[in-house]
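Trainee: Could you take me through one part of this protein in close detail? I would like to look at a pair of strands and then see how the rest of the chain fits around that view.

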Amino acid sequence: MTRRTSPRLLTALREMSAARSATAVRGNGRRANILHSWGSCGAPAARRAGLPLCVPASTPSRSFINLAFPTSTRRIEYTECRTLGYSPEQMYNVVASVDQYQHFVPWCKKSRVTKGQSGDVRADLEIGFPPIVERYTSEVTVVPNHQVRAVCTDGSLFSHLETIWKFAPADQDLPASCKVDFYVSFEFKSLLHSQLARIFFDEVVKQMVNAFDSRAAMLYSSQQEAPSRRRST
């Protein structure tokens, strides 16, 4: 017996087949879209050439020494007063002997004095730590046994430098003594030097003043002891 298929059944089978084909096509398109999206923003995208990193045009940096140092505060001044066991004449001789500075003043490598026809005195000094050495020239004026003043007139180190030493008798009860007033005012041309000076300023000044005291002790201590020995006998 031959089984016949009704036209309605054939029509239904064709519709189901067409629907399945359309679904398959849509499914393939959706999967293709998914794969495309995965390749654009997912892990497979890492296989593409890496994008350049975003680096700032200028990288801010910090330095130990701030070179943006206010110009108005670069000048430094210092004063000190001491009573020493030497006469005003003795301390004056120590300070006024600028040509001897190379032998006892810290960081002074060379000191040379020249005198002009008008009696003016110029001191050429060389200071620094090897291999960094700086030279400058000062004009020195004196009031014998009372004052020594030096002003920088030429050099690449200072834009301003002035030192003043004043000597006066101390208490009458201490005849072999004097009051020493020391004043210094300076300004470096270099901002870096200005900052370093502020860091080490106190120690540098103390060493310099102590150097003159020690020089006087070396030159005059024996002379000071002799009168005391004579008085004791």
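Mentor: Happily; here is a walk through one hairpin, followed by a few residues elsewhere and the chain as a whole. Please keep in mind that this is a predicted model.

Let us begin with the hairpin of β4 and β5. Strand β4 covers residues 132-143 and strand β5 covers residues 147-155; the two run antiparallel and are joined by eight bridges. Three residues lie between the strands, and in this hairpin Asn 145 adopts a positive phi near 70°. For one pairing to find on your screen, start at Ser 138, whose bridge partner in β5 is Cys 152.

Now look at Thr 137, which also belongs to strand β4. Its relative accessibility is 9%, so Thr 137 counts as buried. What does Thr 137 touch, leaving aside residues up to four places away in sequence? One group of its neighbours is Val 151, Cys 152, Thr 153 and Asp 154, and another is Arg 122, Ala 123 and Asp 124. Cys 152 therefore appears twice in this view, as the bridge partner of Ser 138 and as a residue touched by Thr 137. As general background, side chains in a regular strand alternate between the two faces of the sheet.

From there, move along to strand β7, residues 178-188, where Glu 187 lies. Is Glu 187 buried or exposed? Glu 187 is buried, because its relative accessible area is 15% and the cut-off for buried is under 20%. Its side chain makes a polar contact with the side chain of Arg 75, at 3.3 Å. Arg 75 is also among the residues that Glu 187 touches, together with Arg 74, Phe 158, Ser 159 and His 160, when residues up to four places away in sequence are not counted.

Cysteines deserve a look too. A search of the whole structure turns up zero disulfides. Cys 81 is in no disulfide, and the nearest cysteine sulfur to it, that of Cys 178, is 9.7 Å away. Cys 178 is likewise in no disulfide, with the sulfur of Cys 81 as its nearest cysteine sulfur. How do they stand in terms of exposure? Cys 81 is partly exposed, because its relative accessible area is 47%, whereas Cys 178, at 0% relative accessibility, counts as buried.

Stepping back to the chain as a whole, the protein has three helices and seven strands. Along the sequence they follow the pattern α-β-α-β-β-β-β-β-β-α. Of the 233 residues, 28% are buried. Among contacts between residues at least 6 apart in sequence, 51% join residues at least 24 apart. The exposed surface is about 16700 Å², with carbon and sulfur atoms supplying 56% of it.

Finally, a word on confidence. The mean pLDDT of the protein is 73, and 63% of its residues reach 70 or more. Confidence is highest in helix α2 (residues 88-96), at a mean of 97, and lowest in helix α1 (residues 7-41), at 49. Over residues 1-6 the pLDDT is below 50, and this stretch has one contact in the model beyond near neighbours in sequence. Residues 229-233 also stay under 50, and for them the model has zero contacts beyond four places in sequence.

Terms used: Residues numbered from 1 in each chain as written. Predicted model: local features only at pLDDT ≥ 70, side-chain atom pairs only at ≥ 80, totals over all residues. Heavy atoms only, no water. Pairing = 2+ DSSP bridges. Helix = DSSP H or I, 4+ residues; strand = E, 2+ residues; numbered from the N terminus. Buried < 20%, exposed > 50% of the residue type's maximum accessible area, 1.4 Å probe, protein only. Polar contact = N/O pair within 3.5 Å; in protein donor to acceptor, adjacent residues only side chain to side chain. Contact = heavy atoms within 4.5 Å. pLDDT = per-residue confidence, 0-100. Areas by Shrake-Rupley, 256 points an atom, 1.4 Å probe, with all protein chains shown as cover. Disulfide = S-S within 2.5 Å.
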